[in-house]
Structure formats: C-alpha cells, structure tokens
Amino acid sequence: GADVILSDTTDTLAEGKHALRRKMIARRRGLSRQERSEADAVIRMRAMRLSALQGSRIVMLYASTAEEIDLFPLMEALLANGHRIALPEITGKGVMEARAFSSMDGLIEGAFGILTPAPECSAQIQPGEIDLVIVPGTAFSPDGRRLGLGGGYYDRYLPRAKGAFRLALAYDIQVISEIPTGAHDARVDCILTERRTICCRDTMMNNLEEEV
C-alpha cells in the first residue's frame with residue numbers, strides 16, 4: 001500500500017512539474033527579441049554589481065541557449081575581472097562535472113547540443129572549489145524553489161558543491177509564487193531579475209525583495 005501511495009505521489013509531482021514547465025517555457029518564448037535583449041543587458045549589469053559574485057574566485061555558469069538569458073558577455077566580463085569560470089560537462093545520465101572555461105574558441109558541442117569546454121584542453125574543477133553557481137531554470141519562487149528542465153543534473157550536482165552560493169538569473173516573468181518540488185530538488189539562495197533581487201535564504205527572509 002505504501003509503495004503505491006509513494007508512486008502515485010511521485011507521478012502527480014512529475015505531472016505537475018511537466019505541465020508547469022511547458023507553461024513557463026511558453027511564457028518565456030512570448031518575450032520579443034527586443035524585450036529579451038534589453039532585459040538580458042540589465043540582468044548582466046545587475047549581476048556584476050552583486051557582492052556575492054564580486055567576491056567569488058571561481059564562478060560556474062552555463063552555456064545559454066537562444067531562449068535563455070545570454071550569459072556569454074557575462075562570462076567575458078568575469079574573465080576580464082580576474083574570475084575563473086567553470087561550465088558544466090555532462091558525463092552521464094543525470095551526472096555532470098565542471099570544466100574550466102577560458103575562451104569561446106575552446107568550446108565544443110556537448111550533450112543536447114549545449115556548448116561545453118573541450119575535455120582535452122580544459123581542466124576539471126572540483127565541486128568544492130566553486131564559490132558561486134549560476135543555476136538555470138524555467139521558473140523560480142521567492143522561497144528559492146526551482147523548476148529545471150527535468151534532467152536532474154543540478155539537483156544532483158549542487159549538494160556536491162557545498163558552500164557555493166546559488167544564484168538564479170531569470171526574467172521577472174519566470175518568478176512565480178508556487179513551484180511543486182520534492183525532497184531532493186535543489187533550491188537557490190538568490191534570484192536576480194531585470195526588476196528585483198530576491199534573497200531566498202532563511203537568514204535573509206526579513207529582507208525578501210529589494211525593488212529597483
């Protein structure tokens with residue numbers, strides 16, 4: 001009986017995530033190219049001013065797709081400021097590692113067509129070395145819950161990067177009040193959009209939103 005209940009609960013959670021994921025991806029696709037470009041520039045500028053990012057020696061980002069916030073100018077700015085950059089390398093089903101990124105020339109097409117540093121010319125960076133992780137997602141809630149793309153890569157990786165600050169860069173339309181999550185779904189510490197910075201850690205809840 002208990003196994004059946006657990007299965008039903010798991011199935012219901014997965015269905016809820018799938019439906020919300022489709023809705024949020026459609027919402028993001030509804031942004032015009034100009035709206036996206038303008039928001040991207042503001043988000044990158046606000047990210048560079050964030051003290052948590054300024055104080056990080058090694059920052060893990062992700063190679064953004066056409067529908068996501070363009071992070072490549074942010075990577076170049078961080079490199080110019082002396083930060084070390086890491087990008088994900090998918091090494092198995094639901095498993096990823098971090099590799100050093102130094103230039104666009106060193107990127108190759110990896111799993112799911114996402115750019116990743118070529119293994120033969122980039123060192124692997126251990127999870128414990130990373131100071132801050134910029135976490136992708138289709139939706140986020142003010143308490144730090146995250147809806148990813150369904151692969152579970154970050155849910156498995158983030159607990160290994162103990163002590164790393166978890167930052168979500170998102171369009172404001174991606175922030176919603178409720179997200180269905182399970183016990184093993186990783187949360188973020190801070191959400192930064194083109195409009196506001198939302199601190200999600202319990203110790204920051206007294207100052208939940210800083211409007212700009």
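Visitor: Which residues have the most contacts inside the largest nonpolar core?
Guide: In this predicted model, they are L61, L71, I130, I134, L167 and L169, within a core of 52 residues.

Visitor: Take L71, then. What is it in contact with, leaving aside neighbours within four places in sequence?
Guide: L71 is in contact with L61, Y62, S64, I134 and L169.

Visitor: And what lies apart from the largest core?
Guide: Another core lies apart from it; this one has six residues, including M24, A139, L147 and I179.

Visitor: Back to L167 and L169. Which way do they point from β10?
Guide: L167 and L169 point one way together with F165, while R166 and A168 point the other way. In a regular strand, side chains alternate between the two faces of the sheet.

Visitor: How many residues of β10 are buried?
Guide: Five of the five residues in β10, which spans 165–169, are buried.

Visitor: Which strand pairs with β10 over three bridges in the parallel sense?
Guide: Strand β7, residues 132–134, does so, and I134 stands opposite L167 there. Strand β11, residues 190–192, also runs parallel to β10 and is joined to it by three bridges. In that pairing, L167 stands opposite C190.

Visitor: Changing topic: how many helices and strands does the chain have?
Guide: The protein chain has five helices and 13 strands. Of its 212 residues, 47% count as buried.

Visitor: What about the accessible surface?
Guide: The accessible surface comes to about 11,000 Å², and carbon and sulfur atoms account for 51% of it.

Key: Residues numbered from 1 in each chain as written. Predicted model: local features only at pLDDT ≥ 70, side-chain atom pairs only at ≥ 80, totals over all residues. Heavy atoms only, no water. Helix = DSSP H or I, 4+ residues; strand = E, 2+ residues; numbered from the N terminus. Buried < 20%, exposed > 50% of the residue type's maximum accessible area, 1.4 Å probe, protein only. Areas by Shrake-Rupley, 256 points an atom, 1.4 Å probe, with all protein chains shown as cover. Core = buried A, V, L, I, M, F, W, Y, C linked by side-chain atoms within 4.5 Å. Contact = heavy atoms within 4.5 Å. Pairing = 2+ DSSP bridges.
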